[in-house]
Amino acid sequence: MQSSADHLVKQFESIIETRGGNFESKESAGLFTMDVIGSAVFGIDLDCRNDPQNTFAVMGRRFFDINIT
């Protein structure tokens with residue numbers, strides 16, 4: 001989890017430097033969550049933050065994409 005948090009901080013620092021701090025917080029939090037789950041539960045580095053099209057990231061978005069009509 002610490003490794004995922006360190007990567008998230010580095011990503012935020014990069015966003016601040018390159019885009020003036022504008023980013024999609026829901027997307028970043030979701031990718032961070034998937035990285036932590038992958039690390040804690042499966043013992044693997046999913047690296048969703050650098051590969052948002054990672055299978056786990058895509059399935060995670062589908063799972064939490066709730067459409068209430």
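Here are some short exercises, with worked solutions, on the predicted model above.

**Exercise 1. Work out which secondary structure elements the chain has, and in what order.**

Start with the count: the chain holds three helices and zero strands. Then walk along the sequence, and you get the pattern α-α-α.

**Exercise 2. Describe how helix 2 and helix 3 pack.**

Two numbers do the job here, since a packed pair of helices is described by the angle between the axes and the distance between them. First, pin down the pieces: helix 2 covers residues 25-42 and helix 3 covers residues 55-64. Next, the distance: their axes come within 10 Å. Then the angle: the axes cross at roughly 115°. Last, the hand: the crossing of helix 2 past helix 3 is right-handed.

**Exercise 3. Find which residues of helix 2 and helix 3 meet.**

On the helix 2 side, pick out Glu27, Leu31, Met34 and Phe42. Facing them from helix 3 are Phe56, Ala57, Gly60 and Arg61.

**Exercise 4. Sketch the chain as a whole: its extent, burial and contacts.**

Begin with the C-alpha trace, which spans about 35 × 35 × 15 Å along its principal axes. Now burial: of the 69 residues, 22% are buried, taking under 20% relative accessible area as the cut-off. For contacts, look at those with a separation of 6 or more; 34% of them join residues 24 or more positions apart.

**Exercise 5. Characterise the surface and the charges.**

The chain exposes about 5,200 Å², and carbon and sulfur atoms supply 57% of that. As for charges, tally 6 positive and 10 negative ones. Compare their mean positions, and you find them 5 Å apart.

Technical notes:
Residues are numbered from 1 along each chain as its sequence is written. This is a predicted model: local features need pLDDT of at least 70, side-chain atom pairs count only at pLDDT 80 or more; totals for chains, interfaces and linings use all residues. Side-chain values use heavy atoms; hydrogens and water are left out. Helices (H or I, at least four residues) and strands (E, at least two) are DSSP runs, numbered from the N terminus. Buried means under 20% relative accessible area, exposed over 50%, partly exposed in between (1.4 Å probe, protein chains only). Contact means heavy atoms within 4.5 Å. Accessible areas come from the Shrake-Rupley method with a 1.4 Å probe; for residues, only the protein chains shown count as cover. Lys and Arg count as positive and Asp and Glu as negative; His and the chain ends are not counted. The place of a charge is taken as NZ of Lys, CZ of Arg, CG of Asp or CD of Glu. Axes are lines fitted to C-alpha atoms, for helices over the stretch in contact, and angles run from 0 to 180 degrees between N-to-C directions. A crossing is left-handed if the near helix is turned anticlockwise from the far one by less than a right angle, and right-handed if clockwise.
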